[in-house]
Amino acid sequence: MHIRVINPNTTRAMTDLIGRSARVVAAPGTLVDAVQPTMGPASIESHYEEALAVPGVLEQVALGESDGVDAYVVACFGDPGVDAARELARGPVVGIAEAAMHAATLVGRRFAVVTTLGRTRARARELADRYGFREACVAVRACEVPVLALEEPGAFLRLRDECRRAVAQDGADAIVLGCAGMAELCAAISAEVGVPVVDGVAAGVVLAQSLVALGLRPASGGEYAPPPPKPMLGLLAGFEIRTDVPVPVA
Ligand code: 5HY
């Protein structure tokens, strides 16, 4: 089985971190590779950056289709481009926010998301509502540490303290980490907050593997049917869907 984990931002150190975390939970015989787009933002902390990260996600899915990838994990907490990727990919596409929220509700009844910057909280709340967790998601908090500063001194303590506040003040009995860059902090945070802490990268890989093992994939008709062929102009011409080429060359 081949699982491709896509870091939608273009910071190599973060892609490598995501790859390490993903491989920890890979089943024997499962190939897990972590990739990033050839274009796009260094990190995603705004709607603008999230929108501009989507072509890069689709570029990597298109490449994965020609590499015979069985399933994809989109490793950014906004789940950017997951719906569009499901129209391109033969196999399952899992976003880390959706995967983490599902996992949290299997080990608790009231989870809190703890993300990076306050300005990304609304997006996390929107996803919780869309995924059916309006009630189970009791809070979305931010530790106000930028994505690319998560490995700097003090970041761990800020994140830990915000997780503790979610337990003490919001009554959360599970925590969802709101950034792929927090993946390697998960075990240490869990040891210090006393409730289960979910890393979306690991949850996403385990879920993707399970879907492939179950033989489950999006229906080829309906909402996730391949996009209809039509001209695509300008910078995005390479994303044109053509009848003679199954997936765009990007
Ligand atoms: C992420 N941004 O997981 C999100 C986190 C966030 O570049 N990778 C990013 O703050 O939304």
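A polar contact here is a pair of N or O atoms within 3.5 Å. With that in hand, the predicted model can be read from the ligand outwards. An oxygen atom of the ligand sits 2.5 Å from an N or O atom in the side chain of Thr 116, which means that this pair falls inside the 3.5 Å cut-off. Backbone atoms join in too: a polar backbone atom of Ile 44 is 2.6 Å from a nitrogen atom of the ligand, and a backbone N or O atom of Ala 180 lies 2.9 Å from a ligand oxygen. On its own the ligand would expose 300 Å², and the protein buries 96% of that.

As for the setting, the ligand takes up the space of the largest cavity. Around the ligand are Asn 9, Met 14, Ser 43, Ile 44, Cys 76, Phe 77, Thr 116, Thr 120, Val 147, Gly 178, Cys 179 and Ala 180. Sorted by class, this shell comes out at 7 nonpolar and 5 polar residues, with no charged ones.

Turning to aromatic rings, the whole structure yields 1 aromatic pair. The ring centres of Phe 111 and Phe 133 are 5.9 Å apart and the planes meet at 75°, so the pair counts as edge-to-face. Phe 111 belongs to strand S5 (residues 111-115), while Phe 133 is in the loop between helix H5 (121-130) and strand S6 (137-142), so the pair ties together parts 22 residues apart in sequence.

Notes:
Residues are numbered from 1 along each chain as its sequence is written. This is a predicted model: local features need pLDDT of at least 70, side-chain atom pairs count only at pLDDT 80 or more; totals for chains, interfaces and linings use all residues. Side-chain values use heavy atoms; hydrogens and water are left out. A residue is near a molecule or strand if one of its heavy atoms lies within 4 Å of it. A polar contact is a pair of N or O atoms within 3.5 Å; within protein, one must be able to donate a hydrogen and the other to accept it, and residues adjacent in sequence count only if both atoms are side-chain atoms. Accessible areas come from the Shrake-Rupley method with a 1.4 Å probe; for residues, only the protein chains shown count as cover. On a 1 Å grid over the protein atoms alone, a cavity is a set of points where a 1.4 Å probe fits but cannot get out, and a pocket is an open set with protein on both sides within 12 Å along at least five of seven lines; lining residues have an atom within 4 Å of a point. A molecule sits in a cavity or pocket if more than half of its atoms lie within 2 Å of its grid points. Ala, Val, Leu, Ile, Met, Phe, Trp, Tyr, Cys and Pro count as nonpolar, Asp, Glu, Lys and Arg as charged, and the others, Gly among them, as polar. Rings of Phe, Tyr and Trp (its six-membered ring) pair if their centres lie within 6.5 Å; planes under 30 degrees apart count as stacked, over 60 as edge-to-face and the rest as tilted. Helices (H or I, at least four residues) and strands (E, at least two) are DSSP runs, numbered from the N terminus.
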